[in-house]
Amino acid sequence: MKPKLRQDRIVDMLRQRERVSVEALADLLSASRETIRRDLNELADRGEIRKFHGGATLPEPAGEGDFSSRLSEAPAEKRAIARAAAALFGPGDSLLVDAGTTTLAFAEELSQRSGLTVVTNCLRIAQIIGQGRGGNRIFVIGGEYRPEVGESVGALAVAQIGNFNATHAVLTIGGIVAAGAYDFQIEEAEIARAMVAQAQHVTLIADGSKLNRTALFQVCRLEEVDRIVVDRVPDKALAGALAAAGVEVIVA
């Protein structure tokens, strides 16, 4: 069977069953497990499916859901990621930090440190760091305010980010695949892209659900990323793409 036909069959099966294991696909399509894994890698890179250990499912159709509901998703994983990420920074570092549930957890960990300069478009993040140990300098980006997330977006926010030259950008993302990092909201992707442009180093922080997950708007290519902090090891295909791009993977 030709790869394109086999991959179309895989997607059809997922539409019928929602989740299918590698073993089941291999048996149903009379193909080796390695062949099925290659097919799944290609389909995941194109955003047609979402891989998990030992199988695949369809990608979530409605983006990430509302911010308040995402706050309760994978709290332990986000806390571990935040703790590992905060340990990477110290006195004298300047950080551009965007808005997101994982960066909120990161801000809580960062608030226990001092000697940092933090630039953020998220009022919640500024408040969390401001209520911490102290000794940190905080700049809040203005623009169109979104109260649910507590963030500023839009052309004014992007223009203000351009006034800073930071050592690091620390970004949360909607998904990451071999082609790069993505977000579901165009305004948030614009903020993240502006921060990437104004930082010397880029760190992505994401829980395992973002691996092999894509979205509509690209934030950056893997080659623009210095490191990613995650709660589990990426699969072989994504790990290979990250290594080829020179991205350090830190597993919390």
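## Helices α1 and α2

In this predicted model, helix α1 passes helix α2 in a right-handed crossing. Helix α1 covers residues 3-17 and helix α2 covers residues 22-29, and the two pack at an angle of about 120° with their axes 11 Å apart. That angle makes α1 oblique to α2, because an angle of this kind falls outside the ranges that count as roughly parallel, roughly antiparallel or roughly perpendicular.

On the side of α1, the residues that take part in the contact are R6, R9, I10, M13 and R17, and they meet L25, L28 and L29 in α2. Sorted by class, this contact has 5 nonpolar and 3 charged residues, with no polar residue.

## The loop after α2 and helix α3

Between α2 and α3 there is a loop, and S30 has its place there. The phi angle of S30 is near 50°, which is a positive value in a residue other than glycine. With a relative accessible area of 70%, S30 is exposed, since the cut-off for that label is over 50%.

Helix α3 follows with 13 residues, numbered 33-45, and its length can be checked against expectation: at 1.5 Å a residue it should span 18 Å, and its end C-alpha atoms are 18 Å apart, which agrees. Within α3, the residues T35, I36, D39, L40, N41, L43 and A44 are buried. These buried residues pack against α1 and α2, against the strands β2 (50-52), β3 (55-57) and β10 (175-177), and against helix α10 (236-244). Just after α3 comes G47, a residue that takes a positive phi of about 80°.

## Helices α6 and α7

A further helix pair is formed by α6, residues 101-110, and α7, residues 123-130, which pack at an angle of about 20° with their axes 8 Å apart. The two helices are therefore roughly parallel to each other, because angles under 35 degrees are placed in that group. As they meet, α6 passes α7 in a right-handed crossing.

The contact joins T103, L104, A107, E108 and L110 in α6 to R124, I125, I128 and I129 in α7. By class, the contact of α6 with α7 has 6 nonpolar residues, 1 polar residue and 2 charged residues.

## N212 and strand β13

Later in the chain, the loop between β12 (199-205) and β13 is the place of N212. Although N212 is not a glycine, it has a positive phi of about 60°. Its relative accessibility is 7%, so N212 counts as buried, the cut-off for that label being under 20%.

Strand β13 spans residues 217-220, and Q218 lies in it. With a relative accessible area of 30%, Q218 is partly exposed. Leaving aside residues up to four places away in sequence, Q218 touches A179, G180, A181, Y182, A189 and R193. One of these contacts, A189, is 29 residues from Q218 along the chain, and the C-alpha atoms of the two are separated by 6.8 Å.

Technical notes: Residues are numbered from 1 along each chain as its sequence is written. This is a predicted model: local features need pLDDT of at least 70, side-chain atom pairs count only at pLDDT 80 or more; totals for chains, interfaces and linings use all residues. Side-chain values use heavy atoms; hydrogens and water are left out. Axes are lines fitted to C-alpha atoms, for helices over the stretch in contact, and angles run from 0 to 180 degrees between N-to-C directions. Helices (H or I, at least four residues) and strands (E, at least two) are DSSP runs, numbered from the N terminus. Angles under 35 degrees count as roughly parallel, over 145 as roughly antiparallel, 65 to 115 as roughly perpendicular and the rest as oblique. A crossing is left-handed if the near helix is turned anticlockwise from the far one by less than a right angle, and right-handed if clockwise. Contact means heavy atoms within 4.5 Å. Ala, Val, Leu, Ile, Met, Phe, Trp, Tyr, Cys and Pro count as nonpolar, Asp, Glu, Lys and Arg as charged, and the others, Gly among them, as polar. The expected span of a helix is 1.5 Å times one less than its number of residues. Buried means under 20% relative accessible area, exposed over 50%, partly exposed in between (1.4 Å probe, protein chains only).
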